[in-house]
Amino acid sequence: MRLTEYLLPTLKETPADAEIVSHRLMLRSGMIRKVAAGIYTYLPLGLRSVRKVEQIVREEMDRAGAMELLMPMVLPAELWQESGRWEQYGKELLRLRDRKNSEFCLSPTHEEVITDVVRGTVRSYRQLPLNLYQIQGKFRDEIRPRFGLMRGREFIMKDAYSFDIDDVSADSSYDKMYQAYQRIFKRCGLDFRAVEADTGNIGGSSSHEFMVLAEAGEDAIVSCDSCEYAANVEKAQMRMDRQTVPEPTAELQLVGTPQRKTIAEVAQFLELPQSRLIKTLLVETDGGEQLAVLLRGDRELNEIKLCRLLDCLEVTMLSEEAVQQLTGAPSGFAGPVDLSCRILADNEVRTMADSVIGANQADAHYLGANVGRDFQVSEFADLRQAVAGDGCPRCDGTLQSWRGIEVGHVFKLGTKYSQALGAKVLNANGKDVPLVMGCYGIGIGRTVAAAIEQNYDDSGIIFPMPIAPFQVIITLLNPKDEQVREAGGQLYDQLLRAGIEVLLDDRDERPGSKFKDAELIGIPIRVTVGNRALKEDAFEVQKRKDGERQMMAVADTAAWLIDEVKRELAE
């Protein structure tokens, strides 16, 4: 492709609403343009990278035995009402009505539709296992779309769905997809981790997220420094080393803490570390139960773990009025002594002695508080967020923390949707049984953005070869010069014939401007064609990743480039 014939609207200035690196660079490099909040047009350069990721995904899905289909994006409400998600999904589900006043939605995911397809076409266990996938647009009406393609409302996604006769077969399908995802993200040239994760709105028994490691990642993950354990902090467990419950050494003592409400304020006032305090969080479940949750003062509550323990969908903090009614004191002074509600506590609280707690009185706390003597706990459980330094739950190692960008997610769905929609088959005994399902998603555009978050410098993008929009860029320093134009054109033709994706910068622009554009768009290899080098019968070749330059004989350049591209694609 010649740049004089190509739409590449690069920008010198970064748009004001671009907050993270990938958003800024995708706008500046002419990969995308904003249409509305969270909705973007892929321009030719951006679409080429998207198609590269799609191709890798298709090859690995096909290799794993999945078959491609295409489902509609506009879906009837009836299917979602059958599964129960029409009411459950929330405001992210964009609902609409047609001219007949029938209700539809723009699909954020396709579990209902694929289950409907299979229940109408598959009747026997002999037709299983079955895995169907698509690459298609989705829409989720995010309340705060931001970060470009990272948190958009409309996005391109690969979603696959497996159907099996039993859990053993479903586990095998899940493992095939897990391994396929490992190959996909490795082929994309990404540094990633597969981490245990919560199933969220999709549901199911277990799941893994595939996280690209990057500073801009919205998700916090932990991984062991000694084994392969890794998990999203929402799911992460930690080792509880055997500890004896310490004996109390102090009496319960009421002390004044005027206007000190937060853990930090109380700890500073009492000149104690925050780890000596027990925080009392007062919450209400979606079923209306009010309860207290106790944590060590320097820890954070993991609401997903709490919801799982309580078998509820969500918990919310009590209002100021509700706190006053329950404790008799303003918020900030709640404690477990004589509290008239169920009390849960994180496992760590069991190992604490002579702690500081709220006194359920304004401007007051207790010193020397002890579990069992001064207050009772209904149940101890793992209720806190994992942090770096915690013990690994699988070995004697220590957890490390990372920031990650979720690019893929695999779920064991079980029979959640097949039961709800009546997707059954006859087993070997002639009995109707519900299909056991799995689902597997990859954010295509998000993968491109994540790759940029992991591969850039001050000058622009540094694309990994497998997903670069072009593999080589040839920069003509003076395209009006016949010798330069002819030499660059011959190399361009040689590379095209060899199947190399090459961009020829034949614009009549200043060399500095051309070099800046080449660095901005991140093409892995640049060949500079100029009069000075041609006098020595040479081209200047430079790799975008390390910036190293070398002079190469004109006669040898094409063969070297072909070999180098193939080598990098094979890595």
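**Exercise 1. Which glycine follows H1, and what is the sign of its phi?**

Start with the ground rules. This is a predicted model, where local features need pLDDT of at least 70 and side-chain atom pairs count only at pLDDT 80 or more, while totals for chains, interfaces and linings use all residues. Residues are numbered from 1 along each chain as its sequence is written, and side-chain values use heavy atoms, with hydrogens and water left out.

Step 1: find the helix. Helices (H or I, at least four residues) and strands (E, at least two) are DSSP runs, numbered from the N terminus. H1 covers residues 21–28.

Step 2: read on past H1. There you meet glycine 30, and its phi is positive, near 75°.

**Exercise 2. Work out how covered H1 is, and by what.**

Step 1: get the cut-offs. Buried means under 20% relative accessible area, exposed over 50%, and partly exposed in between (1.4 Å probe, protein chains only).

Step 2: count. Six of the eight residues of H1 are buried, so call this helix mostly covered by that definition.

Step 3: name them. They are Val21, Ser22, His23, Leu25, Met26 and Leu27.

Step 4: look at the cover, using contact (heavy atoms within 4.5 Å). It includes strands E1 (32–36) and E2 (39–42), along with helices H11 (444–454) and H13 (511–521).

**Exercise 3. Sketch the whole chain in a few numbers.**

Step 1: list the elements. The protein chain has 15 helices and 31 strands.

Step 2: add the dimensions. Its C-alpha trace spans about 95 × 70 × 50 Å along the principal axes.

Step 3: add burial. Of the 571 residues in the chain, 52% are buried.

Step 4: check the contacts with a separation of 6 or more. Residues 24 or more positions apart account for 69% of them.

**Exercise 4. Find the largest nonpolar core and the helix that gives the most to it.**

Step 1: know the term. A nonpolar core is a set of buried Ala, Val, Leu, Ile, Met, Phe, Trp, Tyr and Cys residues joined through side-chain atoms within 4.5 Å.

Step 2: pick it out. The largest one has 63 residues, and those with the most contacts inside it are Met31, Met61, Tyr181, Ile184, Phe185 and Phe210. Helix H6 (residues 167–187) gives the most to this core, with seven residues.

Step 3: zoom in on methionine 61. Not counting residues up to four places away in sequence, its partners include Tyr133, Met177, Tyr181 and Ile184.

Step 4: look elsewhere. Apart from this core lies another, of 28 residues, among them Met71, Leu75, Ile114 and Leu128.

**Exercise 5. Describe the ring pair of tyrosine 181 and phenylalanine 210.**

Step 1: set the rule. Rings of Phe, Tyr and Trp (its six-membered ring) pair if their centres lie within 6.5 Å; planes under 30 degrees apart count as stacked, over 60 as edge-to-face and the rest as tilted.

Step 2: apply it. The structure holds nine aromatic pairs. In this one the centres are 5.3 Å apart with 55° between the planes, so it is tilted.

Step 3: place both rings. Tyrosine 181 is in helix H6 and phenylalanine 210 in strand E10 (residues 206–213), 29 residues apart. Both residues are buried.

Step 4: widen the view. Tyr178, Tyr181, Phe185, Phe192 and Phe210 form one aromatic cluster.

**Exercise 6. Is threonine 285 buried or exposed?**

Step 1: locate threonine 285 in strand E14 (residues 278–285).

Step 2: compare with the cut-off. Threonine 285 has a relative accessible area of 11%, so this residue is buried.

Step 3: list the contacts. Leaving aside neighbours within four places in sequence, threonine 285 is in contact with Leu291, Leu310, Cys312, Glu314 and Val315.
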